[in-house]
Each structure stands twice: as structure tokens, then as C-alpha cells.
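Good morning, everyone, and thank you for making time for this. I would like to walk through one model with you, so please keep the sequence and the structure open while I talk.

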Amino acid sequence: MNQPLRLFDLAGADERLRFSPNCWRTRLALAHKGLPVDTLPWRFTEKQAIAATGQGKVPVLVDGDRWLHDSWTIAEHLEQAYPQTPSLFGPAPGHALARFVNQWTSETLHPAVARVVVPDIPAILHEKDRAYFRSSREAAFGQTLESLAAQREASLEALRRVLAPLRSTLAAQPFVSGDTPYYADHVVFGAFQWARTVSPVALLAADDPIAAWVERMLDAYGGLARTVAPAACAD
Ligand SMILES: N[C@@H](CCC(=O)N[C@@H](CS)C(=O)NCC(=O)O)C(=O)O
């Protein structure tokens, strides 16, 4: 590695507020591998800065002359390009099972968390992102953010049902991946870090085994994920 790795990392109005679940996957994967990275604060409307990837979403990792996007592609790249560093997936079938966890998180867990926390996101965004965020998310949900917020209790109830297999797993073992965290933990944790940093709503009861695992993930890698403060309560 000649030049330092660079990561375009979604930020709020306060550039220290890094809240993207998908970027947190990559942050934790880099920490797991002990790879230093310069994180560059990026706002939703700064599409030009990542135009070299031919798309408009982060994480985007710049490794030498390669511009990589999509958190899963980045994880596979890191695993293949840095074989002397700790594995993200462990031995077979770790890679294949992590892919399942990746897809479950993106396709089931994120949408369930989004219905709870997205109404809180405009408040933490840079002003230049607010109108874009509102119109793109209202189009995606087919309703206003206010109407989404009004359904919060039902959304929390639905999320609790989605979390049932994660809860029973973490009641039986300390990490999603077993005794220590691997990439599957980074992926699932990204969703909780997202909620923690953008919304004051508590997703989990204090005695929930998932809450204990979230604390272990906040402590992991020298407390990297604790470097971002939780969202403040509005009242
Ligand atoms: N499949 C992609 C999803 C990336 C993604 O959705 N990123 C969000 C931030 S968490 C984003 O950049 N959104 C830009 C936008 O909505 O315009 C990955 O895993 O990296």
C-alpha cells in the first residue's frame, strides 16, 4: 500500500457525525484488518466527488488508483488485497454465510430500522442535504416523513419481530460470528450504529441480549464506534 486508503464517509451537519450503516461496515472492516484510513466527510448532495465510481452512494474506498463502491465489494476487495491481515470472514463457509447476513441486513433489517429512524434524520443533516433527503425518502416510502413518524409504535413492533432470530442467537453466543467479531458482526452492527447516531428512540430494552452485544461492538477495535456520540434527546 503506497498511498493511505481514503474512505468517503457520510456525515451530518457536524462533520464528526458519521451515521451511515453501510460506511460503518467498512470502517469496522478496516479496523479489523488494522488498515489505517483517511475518512473524508461526504454529504448526500456531493455526488460529483464520487463520480469516478459511476454511481452516487457511499461507502466509496479509494485504494491506490482503484475507486471501489458497495460495502460488500469493498469487504471482498480488502480480504483479497490484504491477505496478511486478519480475515474478515474466517475459514469456509464464513464468506458465504457473511454474504447471507449482509443480504438479510440490507433487505430486511435496514428497511425495518429505517421506518423507525428516518423521520429523525433531517434534523442532523447539513442544510444543503435536507431537501434532497426529504424528497428522495418520501418518494421511496410513498408518504411524508411526518406520516412515517406517526406510525412509529407499529414500526417498532415490526422491528422487534424482525430482531427475534438475532436476539436468540446473541443469547447463546457473544457475537454473530461466535466468540469474536467478524464481518457479519460489522454488517449487523452498522444498523444499530445508524439508529444510535441519528435517533433518540431506543430500539432495544436494556436487558435485551442484542443491547449487550451492541455494547461489546462499541468497545471493539479500541472503542472506534464510540467516537461518534449518540443522538441527543429532543426534550
Ligand atoms: N449497497 C450499497 C448501499 C449504499 C448506500 O445505500 N449508501 C447510502 C448511505 S448509507 C447512500 O450513500 N445514499 C446516497 C443517496 O441516497 O443519495 C452498499 O452496501 O454500500
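**Helix crossings, sheet and ligand shell**

Let me begin with a pair of helices, α7 and α9, which cross each other in a left-handed sense. I should say at once that this is a predicted model, and everything that follows should be heard with that in mind. Helix α7 covers residues 164–172, and its axis comes within 8 Å of that of α9, the two crossing at roughly 70°. That angle is why α7 is described as roughly perpendicular to α9.

Helix α9 itself runs over residues 209–223, and Tyr 221 is placed in it. Tyr 221 deserves a moment, since this residue has a positive phi of about 55° although it is not a glycine. As background, most residues other than glycine have a negative phi, and most peptide bonds are trans. Is Tyr 221 exposed or only partly exposed? With 17 C-beta neighbours inside 10 Å, Tyr 221 counts as partly exposed.

Two further helix pairs can be described in the same manner. Helix α1 packs with α8, residues 183–198, at an angle of about 140°, and their axes are 8 Å apart. At that angle α1 is oblique to α8, and α1 passes α8 in a right-handed crossing. Helix α3, for its part, meets α6, residues 152–162, with the axes coming within 8 Å and crossing at roughly 155°. It follows that α3 is roughly antiparallel to α6, and the crossing of α3 and α6 is left-handed.

Let me turn now to the sheet. In what order do the four strands lie? They form an open sheet in the order β2-β1-β3-β4, with mixed pairing. The edges are taken by β2 and β4, each of which has a single partner strand, so one side of each is left without a neighbour in the sheet. On average, and with direction ignored, neighbouring strands of this sheet are turned by 20° against each other.

Within the sheet, β1, which spans residues 5–10, runs antiparallel to β3, and three bridges join the two. In this pairing Phe 8 stands opposite Val 60 in β3. On the other side of the description we have β3, residues 60–63, and β4, residues 66–69, which also run antiparallel and are joined by four bridges. There, Val 62 has Trp 67 in β4 as its bridge partner. Strands β3 and β4 form a hairpin with two residues between them, and Gly 64 in the turn has a positive phi of about 65°.

If we follow the chain into the loop between β4 and α2, we find Asp 70. Like the tyrosine I mentioned, Asp 70 is not a glycine and yet has a positive phi, here of about 80°. Asp 70 is partly exposed, with 18 other C-beta atoms within 10 Å. For orientation across the model, Asp 70 can be set against Ala 202: the two are 132 residues apart in sequence and 28 Å apart in space, C-alpha to C-alpha. Ala 202 belongs to the loop between α8 and α9. With 12 other C-beta atoms within 10 Å, Ala 202 is exposed.

Two peptide bonds also call for comment. The bond from Val 58 to Pro 59 is cis, with omega near 10°, and Pro 59 lies in the loop between β2, residues 37–42, and β3. A cis peptide bond likewise joins Ala 92 and Pro 93, with omega at about 5°. Pro 93 is found in the loop between α2 and α3, the latter covering residues 94–117.

This brings me, finally, to the ligand. Which residues of its shell are the closest? The ligand is surrounded by 13 residues, the closest being Ser 20, Asn 22, Lys 57, Val 58 and Ser 71. Val 58 has come up already, as the residue that precedes Pro 59 at a cis bond. Helices α1, residues 21–32, and α2, residues 71–81, each supply at least two residues of this shell. By class, the shell is made up of six nonpolar, five polar and two charged residues.

I will stop there and take your comments.

Notes. Residues numbered from 1 in each chain as written. Predicted model: local features only at pLDDT ≥ 70, side-chain atom pairs only at ≥ 80, totals over all residues. Near = placed C-beta within 6 Å. Nonpolar A, V, L, I, M, F, W, Y, C, P; charged D, E, K, R; others polar. Pairing = 2+ DSSP bridges. Buried ≥ 20, exposed ≤ 12 C-beta atoms within 10 Å, placed from the backbone. Axes fitted to C-alpha atoms, helices over the stretch in contact; angles between N-to-C directions. Parallel < 35°, antiparallel > 145°, perpendicular 65-115°, else oblique. Left-handed = near helix turned anticlockwise from the far one by under 90°.
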